[in-house]
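The following exercises introduce a structure step by step. Please attempt each task before reading its solution.

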Amino acid sequence: MILTDDPPILEKILLATGSPPTFSYYFTASGYQINSIGYRRQDNYIYGMSGNNIVRLDSGGGITIIGNPGIPGSSFCT
Amino acid sequence: MRAVGNAGDFDSDGYLWTCATTAINPVTCYKLDVTNKTIVLTLNNVDFGGAANDFSFSPLDGKAYFVAQTSTFTVQSLDLQTCSSSCSPTPLYSFSASANFTTAPIGTFFDSLNNFYLVDNNGYVAVIFGLPSTSLTVQYFGNGTRKLGERERDMQEAN
């Protein structure tokens, strides 16, 4: 899965040998710019960074702002 | 992963690593505990060897793999788990933009068999087999039935 540009949209890519990849819409994270996403298998969530804040994405497209863990400066991830 | 700069992934222990991977190296990387909202480790001197838009941790050796863009695209690895005062990449394989892969990868992913998946900004997908060796093979899947960004444009036009 990848998040495309602003507004970030999570897309699922399906691959099959001999066929072009298929991109399927998953959900839109409206109102956020999110980067550095990754899947955390320990709790089955996708997390990423929005500015200096950790954000958590759930399967329905909901976003929870976890907060800044202490990263200094402004907008580390833009 | 957006095309402008910042990369990240979870390691096998559930820590999120995030790095500001601009063309200007070295950069700062953070190892984050997302459940306790804390910085576990800060690496201030990480060299990606070029601009890299994403990295993924290999399930085989735990190193971060990415494609750095210079005059070509170079698959490289970084051992973020063990480097401290400075971190330098190990180049493994270079390729150029082609009809099969048009831009620097914006997203990367490892499957459980340690196959390394890349997707570029135009929806082209490639898979690299054989990491962490340098005896690699690449399979190109072409581009998607729908290029990245088209849906965003559709939504903006609808609004």
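The confidence of the predictor in each residue is expressed as pLDDT, on a scale from 0 to 100. The model shown is predicted, and its mean pLDDT is 85 in chain B, where 86% of the residues reach 70 or more.

**Exercise 1. Confidence**

Task: Determine in which elements of each chain the confidence is lowest and highest.

Solution.
Step 1. Begin with chain A. Its mean pLDDT is 79, and 74% of its residues reach 70 or more. Confidence in chain A is lowest in strand β1 (residues 2-3), with a mean of 55, and highest in strand β7 (residues 63-67), with 93.
Step 2. Continue with chain B. Here helix α1 (residues 150-158) has the lowest confidence, at a mean of 53, whereas β5(B) has the highest, at 95.
Step 3. Look at the start of chain B. Over residues 1-5 the pLDDT stays under 50, although the model has 20 contacts beyond four places in sequence for this stretch. Where pLDDT is low, predicted coordinates should not be read in detail.
Step 4. Turn to the complex as a whole. The predictor assigns an ipTM of 0.83 and a pTM of 0.86.

**Exercise 2. Secondary structure of the two chains**

Task: State how many helices and strands there are in chain A, and give the secondary structure of chain B.

Solution.
Step 1. Chain A has zero helices and seven strands; along the sequence its pattern reads β-β-β-β-β-β-β.
Step 2. Chain B has one helix and twelve strands. Its pattern along the sequence is β-β-β-β-β-β-β-β-β-β-β-β-α.
Step 3. Add the degree of burial. In chain A, 33% of the 78 residues count as buried; in chain B, 41% of the 159 residues do.
Step 4. Add the contacts. Among those in chain A between residues at least 6 apart in sequence, 25% join residues at least 24 apart. For chain B, residues 24 or more positions apart account for 38% of the contacts with a separation of 6 or more.

**Exercise 3. The nonpolar core**

Task: Identify which residues have the most contacts inside the largest nonpolar core, and explain why A52(B) counts as buried.

Solution.
Step 1. The largest nonpolar core has 51 residues, and those with the most contacts inside it are C29(B), V46(B), A52(B), F66(B) and V67(B). Strand β6 (residues 64-69) of chain B contributes the largest share of this core, five residues.
Step 2. Consider V46(B). Apart from its neighbours within four places in sequence, V46(B) is in contact with C19(B), P26(B), V27(B), C29(B), L78(B) and C87(B).
Step 3. Consider A52(B), which is found in the loop between β4 (38-46) and β5 (55-57) of chain B. A residue is buried if 20 or more other C-beta atoms lie within 10 Å of its own. A52(B) counts as buried because it has 30 C-beta neighbours inside 10 Å.

**Exercise 4. Strand β6 of chain B and its partners**

Task: Explain why β6(B) is largely enclosed by the rest of the structure, and describe how β6(B) is joined to β5(B) and to β7(B).

Solution.
Step 1. Six of the six residues of β6(B) are buried, so the strand is largely enclosed by the rest of the structure.
Step 2. Examine the side chains. In a regular strand these alternate between the two faces of the sheet. From β6(B), A64(B), F66(B) and A68(B) point one way, while Y65(B), V67(B) and Q69(B) point the other way; all are buried.
Step 3. Examine the link to β5(B). Three bridges join β5(B) to β6(B), and the two run antiparallel. F57(B) stands opposite A64(B). The two strands form a hairpin with six residues between them, and G62(B) in the turn has a positive phi of about 75 degrees.
Step 4. Examine the link to β7(B). Six bridges join β6(B) to strand β7 (residues 73-78) of chain B, again in an antiparallel arrangement. Y65(B) stands opposite S77(B), and a hairpin through three residues joins β6(B) to β7(B).

**Exercise 5. A sheet of four strands**

Task: Establish the strand order of the open sheet of four strands in chain B, and name its edge strands.

Solution.
Step 1. The order is β9-β10-β11-β12 (chain B), with antiparallel pairing.
Step 2. The edge strands are β9 (105-110) and β12 (137-143) of chain B, each of which pairs on one side only.
Step 3. On average, neighbouring strands of this sheet are turned by 20 degrees against each other, direction ignored.
Step 4. Four bridges join β10 (residues 116-120) to β11 (residues 124-129) of chain B; V119(B) has V125(B) as its bridge partner in β11(B).

How values were computed
Residues are numbered from 1 along each chain as its sequence is written. Chains are lettered from A and ligands numbered from 1 in the order in which they are written. This is a predicted model: local features need pLDDT of at least 70, side-chain atom pairs count only at pLDDT 80 or more; totals for chains, interfaces and linings use all residues. A nonpolar core is a set of buried Ala, Val, Leu, Ile, Met, Phe, Trp, Tyr and Cys residues joined through C-beta atoms within 7 Å. A residue is buried if 20 or more other C-beta atoms lie within 10 Å of its own, exposed if 12 or fewer, and partly exposed in between; C-beta atoms are placed from the backbone. Two residues are in contact if their C-beta atoms, placed from the backbone, lie within 7 Å. Two strands pair if DSSP finds at least two bridges between them. Axes are lines fitted to C-alpha atoms, for helices over the stretch in contact, and angles run from 0 to 180 degrees between N-to-C directions.
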